[in-house]
Amino acid sequence: MLADKKLKAFVPTIMPEKAKSFYQDILGLRLISDDQYALEFDANGTSLRVTIVHELKPHPFTVLGWDVDDVSSTVESLNKKGIVFEKYDFLEQDHLGIWTAPGGIQVAWFKDPDGNVLSIS
């Protein structure tokens with residue numbers, strides 16, 4: 001029923017100005033709209049709605065992720081923009097914070113200004 005429909009992703013924020021700067025200026029997403037309810041970005045054809053909420057307790061797991069061509073170079077580029085990648089005690093990650101899954105997929109995690117966990121793989 002929804003397999004042929006466009007997906008819209010949602011992530012919450014209690015700091016819309018910081019979120020706007022993060023998603024637009026650091027991650028490079030194009031801002032589509034900005035109102036009292038949400039910021040909406042174009043994430044390569046998928047709408048990302050950053051919903052303004054009054055309270056937020058970020059989840060301890062990934063809420064958004066991107067597939068990239070080269071995880072290492074993307075991590076390094078984001079590091080230059082001030083993004084710090086998460087290091088987890090329960091995973092074996094390299095010096096950049098990249099974990100290689102048993103199947104060979106590489107993943108690295110970082111947080112937005114609200115503490116939402118994001119990933120690249």
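Rings of Phe, Tyr and Trp (its six-membered ring) count as a pair if their centres lie within 6.5 Å, and planes under 30 degrees apart are called stacked, over 60 edge-to-face, and the rest tilted. The model is predicted, so local features need pLDDT of at least 70 and side-chain atom pairs count only at pLDDT 80 or more, while totals for chains, interfaces and linings use all residues. Residues are numbered from 1 along each chain as its sequence is written, and side-chain values use heavy atoms, with hydrogens and water left out.

**Exercise 1.** State which residues form one aromatic cluster, and then classify the pairs that involve Tyr88.

Solution. Start with the cluster, which is formed by Phe22, Tyr23, Phe41, Phe85 and Phe110. The structure holds seven aromatic pairs, and one of them joins Tyr88 and Phe90, whose centres are 5.4 Å apart with 35° between the planes, a tilted arrangement. Next, the rings of Tyr88 and Trp109 lie 5.6 Å apart from centre to centre with their planes at 80°, and therefore this pair is edge-to-face. Since Tyr88 belongs to the loop between H2 and E6 whereas Trp109 belongs to strand E7, the pair ties together parts that are 21 residues apart in sequence.

**Exercise 2.** Decide whether Phe90 and Trp109 are buried or exposed.

Solution. Buried means under 20% relative accessible area and exposed over 50%, with partly exposed in between (1.4 Å probe, protein chains only). Phe90 has 67% relative accessibility and counts as exposed, whereas Trp109, with a relative accessible area of 11%, is buried.

**Exercise 3.** Work out the strand order of the sheet that contains E5, and find its edges.

Solution. Strands (E, at least two residues) and helices (H or I, at least four) are DSSP runs numbered from the N terminus, and two strands pair if DSSP finds at least two bridges between them. The open sheet has four strands in the order E5-E8-E7-E6, with mixed pairing. Strand E5 (62-66) and strand E6 (99-100) each have a single partner strand, so one side of each is left without a neighbour in the sheet. As for the pairing, E5 runs parallel to strand E8 (residues 117-120) over four bridges, and Gly65 has Ser119 in E8 as its bridge partner.

**Exercise 4.** Describe how E2 is placed in the other sheet.

Solution. This open sheet of four strands follows the order E1-E4-E3-E2, again with mixed pairing, and its edge strands are E1 (8-13) and E2 (30-34), each pairing on one side only. E2 and strand E3 (residues 38-43) run antiparallel and are joined by four bridges, with Leu31 standing opposite Phe41 in E3.
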